[in-house]
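Colleague: I'm new to reading models like this one, and I'd like to know where the labels come from. Could you take me through a few of them?

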Protein chains: 2
Amino acid sequence: MLQNDVFRTMDRQECLRLLAEVPVGRIVYTRHALPAVLPVNFVLDGDSSVLLRTSAGSDLLRAVDGVVVAFEADSFDAVSHSGWSVVVTGPASAVTDPAEHERLLRTGPQSWMPIQEDVFIRIEAAMVTGRELTDLRGAV
Amino acid sequence: MLQNDVFRTMDRQECLRLLAEVPVGRIVYTRHALPAVLPVNFVLDGDSSVLLRTSAGSDLLRAVDGVVVAFEADSFDAVSHSGWSVVVTGPASAVTDPAEHERLLRTGPQSWMPIQEDVFIRIEAAMVTGRELTDLRGAV
């Protein structure tokens with residue numbers, strides 16, 4: 001599953017449709033000059049961004065506010081060796097507009113964990129790429 | 001699930017035991033100065049490294065050979081909001097020793113995809129961190 005030319009590339013709409021089906025993805029960023037990755041639950045805000053909910057004092061917020069990050073989700077079947085992965089790449093930023101924050105408190109993602117001073121992080125879906133791995137065993 | 005202080009931190013041995021239970025993880029690196037992430041199937045080589053199998057001409061090999069990467073695997077239950085995640089951080093490098101390469105052709109990971117000119121990438125487990133999220137709903 002490492003070879004680009006045997007995957008089927010998916011278009012943006014198909015990628016977003018699959019993203020909407022899973023509750024957890026992984027935000028990829030840099031921390032202390034090292035690659036870092038953290039699983040987070042999320043929701044899509046229309047077709048333009050990924051939304052996360054965290055605490056105002058979190059390490060994650062400090063690390064990603066204002067920088068370009070990647071956000072990945074996938075689903076694979078170990079038996080059939082099939083599945084898909086989607087990566088959203090774009091700038092992450094805390095939602096600072098009060099009206100927007102208020103709206104997201106009602107309609108945004110619910111964290112799986114207790115939160116102190118809710119902050120929403122929006123990742124703009126500047127680039128959305130995805131690929132599907134189909135079960136090749138029968139086709140060989 | 002974003003708040004560090006409500007997770008249980010796992011020790012290295014527990015992290016490696018969980019890693020051994022899943023077939024797919026995600027390698028996290030930098031490509032064209034942007035954060036990048038790619039799901040890959042893998043095996044552990046003892047308790048010291050993660051092994052991937054790819055093609056000699058792959059973009060992945062070019063991007064990660066000789067640099068520090070992160071490798072993440074996780075398992076979450078969306079119903080109970082419980083699960084775990086493990087991150088291995090360390091230098092990645094192609095296996096160039098002929099005897100070692102020969103050994104891995106027999107005992108190393110089998111790629112889920114057809115491979116051209118097999119190359120093994122070893123990620124040294126210089127740092128292994130992990131945390132477990134338990135179902136808190138009943139405890140509140």
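Colleague: Why is A:Arg26 called buried?

Modeller: This is a predicted model, and in it A:Arg26 has a relative accessibility of 5%. The label buried is for values under 20%, so A:Arg26 counts as buried.

Colleague: Where does A:Arg26 sit, and which residues does A:Arg26 touch?

Modeller: A:Arg26 is in strand β2 of chain A. Leaving out neighbours within four places in sequence, its contacts include A:Val37, A:Leu38, A:Phe71 and A:Asp74 from chain A, plus B:Arg26, B:Glu72 and B:Asp74 from chain B.

Colleague: What makes the link between A:Arg26 and B:Asp74 a polar contact?

Modeller: Their side chains come to 2.6 Å. The cut-off for an N or O pair is 3.5 Å, so 2.6 Å passes the distance test.

Colleague: And how do you know that A:Asp74 and B:Arg26 form a salt bridge?

Modeller: Look at their closest N and O atoms, which are 2.7 Å apart. The rule asks for an Arg or Lys side-chain nitrogen within 4 Å of an Asp or Glu carboxyl oxygen, so this pair qualifies. The rule finds 4 salt bridges across the interface of chain A and chain B.

Colleague: Which parts of chain A supply the side that touches chain B?

Modeller: Several elements give at least two residues each, among them β2, β3, α2 and β9 of chain A. The largest share, 8 residues, comes from β3(A).

Colleague: What kinds of residue are on that side of chain A?

Modeller: By class, there are 28 nonpolar, 10 polar and 7 charged residues.

Colleague: How many residues does the contact take from each chain, and what area is buried?

Modeller: Chain A gives 45 residues and chain B gives 44. About 3800 Å² is buried between the two chains, with carbon and sulfur atoms giving 71% of that area.

Colleague: Why is an area used for this at all?

Modeller: Because the size of an interface is often given as the accessible area lost when the parts come together.

Colleague: Over to chain B, then. What makes β6(B) and β7(B) a pair of strands?

Modeller: DSSP has to find at least two bridges, and β6(B) and β7(B) have 10, in the antiparallel sense, so they count as paired. One residue to find there is B:Glu72, which stands opposite B:Val87 in β7(B). The hairpin has 4 residues between the strands, and B:His81 in this hairpin takes a positive phi near 55 degrees.

Colleague: How do you know that β2 and β6 of chain B pair as well?

Modeller: They share 3 bridges, also antiparallel. At least two are needed, so 3 is enough. B:Ile27 stands opposite B:Phe71 in β6(B).

Colleague: What makes B:Glu100 and B:Arg122 a polar contact?

Modeller: Their side chains are joined at 2.3 Å, and the limit is 3.5 Å, so the distance fits. B:Glu100 is found in helix α3 of chain B. Setting aside residues up to four places away in sequence, B:Glu100 touches B:Asp45, B:Val95 and B:Arg122.

Colleague: Last one: how many helices and strands are in chain A, and how much of chain A is buried?

Modeller: Chain A has 3 helices and 9 strands, following the pattern β-α-β-β-β-β-α-β-β-α-β-β along the sequence. Buried residues make up 52% of its 140 residues.

Terms used: Residues numbered from 1 in each chain as written. Chains lettered and ligands numbered in written order. Predicted model: local features only at pLDDT ≥ 70, side-chain atom pairs only at ≥ 80, totals over all residues. Heavy atoms only, no water. Contact = heavy atoms within 4.5 Å. Buried area = accessible area lost by both parts, 1.4 Å probe. Nonpolar A, V, L, I, M, F, W, Y, C, P; charged D, E, K, R; others polar. Polar contact = N/O pair within 3.5 Å; in protein donor to acceptor, adjacent residues only side chain to side chain. Buried < 20%, exposed > 50% of the residue type's maximum accessible area, 1.4 Å probe, protein only.
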